[in-house]
Amino acid sequence: MAQPFRLENLQSILSQKRRIYPYHLTLNSKILILETARQKFILKERYPSSLANECRILRFLQDNKFPHIPRFYGVARIEGKRMLVQEFIEGKKIERNKVLFNTYSEKIASILASLHLLREGKKRNVGFFVDSEIKAIKVLLGDIKAVSSRKKPFYLKNFLNVGERHFDLLLKTIEKRRDFWEFNIRPSIINREMEFIRNSSGMIYLLDWEHGRYGDYAYDIADLRYIYQEMDLQGFIEEFKKHSGMADNIYARVHVYYPLILIKELFYYVLEFNTCEFYSNLPSRLIMLFSQSSLEEKLNRINIAHRKLNSLKYP
């Protein structure tokens with residue numbers, strides 16, 4: 001894979017822009033498309049820490065010749081803002097669809113195997129990664145409590161109660177099997193988003209590395225299970241093992257990360273629903289900025305997480 005442009009060359013190319021227009025807007029980030037006469041670029045404006053993390057991950061992947069990411073060019077100042085610049089991939093996203101996912105399941109297993117073989121640092125206890133997810137949920141729950149104490153009424157309290165009940169059950173289950181997590185793995189690069197796009201040539205790319213980090217590769221497979229709920233999990237794991245050569249207890253770890261992902265998703269959207277409700281009195285021109293994170297979408301996500309949590313059984 002070619003190395004990123006030197007920054008001065010990148011700035012020169014971007015200065016040839018014909019137009020810039022929105023691609024995806026949320027409360028926390030802005031993704032734009034920049035068009036020149038020859039090509040399109042993705043521009044990402046994020047919080048400085050998120051931008052720095054995504055750049056670090058993309059550089060590592062590109063330096064290690066991982067081919068399934070849009071080409072990363074660097075960070076440039078555009079219209080006064082520091083933005084991450086990537087190649088724009090023309091293609092179709094592999095949506096949350098059982099048939100569509102199963103069509104590309106073997107290829108996706110191969111992509112994740114090659115990604116998760118990119119390891120760095122010393123071995124860590126698997127319990128360390130499980131505890132990190134638990135800690136993140138506890139922080140999120142603390143934020144919810146802070147908002148609910150000053151905001152009346154606090155919406156979706158019943159969903160919050162369901163999430164808390166399942167969190168307590170899961171913590172007890174994990175604690176009972178604490179010895180099960182007492183083995184070490186080397187941290188792998190994990191994506192934590194699992195958004196794929198396929199171009200006209202059949203190449204599949206893994207998008208959006210804002211939340212990428214080093215961790216337990218079983219987390220990404222659990223995330224896939226959440227997104228593609230009717231996937232053949234056992235078959236996918238066997239395919240992953242074939243490509244990666246990993247033969248540890250992935251299946252059991254997925255069954256711990258999966259409810260943690262559901263609980264975090266439910267808590268996150270309960271919090272964001274209540275937080276975004278504050279924006280309801282803003283002028284309509286500002287409300288339009290948040291259309292991609294509409295309250296209807298949040299309610300749908302909350303309902304999905306709620307339904308899946310209620311289908312779980314704990315030993």
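**Group meeting talk: helices, core and cavity**

Let me begin with helix H4, which runs over residues 126–150: at 1.5 Å a residue its 25 residues should span 36 Å, and since the C-alpha atoms at its ends lie 38 Å apart, the two values agree. Please keep in mind throughout that this is a predicted model.

At the N-terminal end of H4 there is a cap, provided by Asn125, whose side-chain oxygen lies 2.7 Å from the backbone nitrogen of Gly127. Many residues along the helix are buried, among them Val126, Phe129, Val130, Ile134, Ile137, Leu141 and Ile144, and the buried set also includes Glu133 and Ser148. As general background, an α-helix has 3.6 residues a turn, so residues three or four places apart point the same way. Phe128 also lies in helix H4, but with a relative accessibility of 35% it counts as partly exposed, because that value falls between the 20% limit for buried and the 50% limit for exposed. The C-alpha atom of Phe128 is separated by 9.4 Å from that of Glu182, a residue 54 places away along the chain.

Helix H5, residues 157–176, can be checked in the same manner: its 20 residues, at 1.5 Å each, should span 28 Å, and the end C-alpha atoms are 29 Å apart, which agrees. Its buried residues include Phe159, Leu160, Val162, Phe167, Leu170 and Ile174, and with them Glu164 and His166.

I turn now to the nonpolar core. The largest one holds 82 residues, and within it Leu61 and Leu224 touch the most other members. Helix H8, residues 250–276, supplies the largest share of this core, namely 15 residues. Apart from it lies another core, made of nine residues, including Leu34, Phe41, Ala76 and Val85. And which residues does Leu224 contact, if we leave aside neighbours within four places in sequence? Those contacts of Leu224 are with Phe101, Ile108, Leu112, Met194, Phe196, Met231 and Phe236.

Finally, what about enclosed space? The count comes to one cavity of 30 Å³ or more, and the largest cavity contains about 40 Å³ of space. Its lining is formed by Phe129, Ser132, Glu133, Ile190, Arg192, Arg213, Gly215, Asp216, Tyr219 and Tyr257. H4 and strand E12, residues 213–215, are the elements that give two or more residues to that lining, and the largest share, three residues, comes from H4. That brings us back to the helix where we started, with Phe129 and Glu133 being both buried in H4 and part of the cavity lining.

Definitions and conventions: Residues are numbered from 1 along each chain as its sequence is written. This is a predicted model: local features need pLDDT of at least 70, side-chain atom pairs count only at pLDDT 80 or more; totals for chains, interfaces and linings use all residues. Side-chain values use heavy atoms; hydrogens and water are left out. A nonpolar core is a set of buried Ala, Val, Leu, Ile, Met, Phe, Trp, Tyr and Cys residues joined through side-chain atoms within 4.5 Å. Buried means under 20% relative accessible area, exposed over 50%, partly exposed in between (1.4 Å probe, protein chains only). Helices (H or I, at least four residues) and strands (E, at least two) are DSSP runs, numbered from the N terminus. Contact means heavy atoms within 4.5 Å. The expected span of a helix is 1.5 Å times one less than its number of residues. A polar contact is a pair of N or O atoms within 3.5 Å; within protein, one must be able to donate a hydrogen and the other to accept it, and residues adjacent in sequence count only if both atoms are side-chain atoms. On a 1 Å grid over the protein atoms alone, a cavity is a set of points where a 1.4 Å probe fits but cannot get out, and a pocket is an open set with protein on both sides within 12 Å along at least five of seven lines; lining residues have an atom within 4 Å of a point. Grid points are joined across faces, edges and corners, and a volume is the space filled by probe spheres set on the points.
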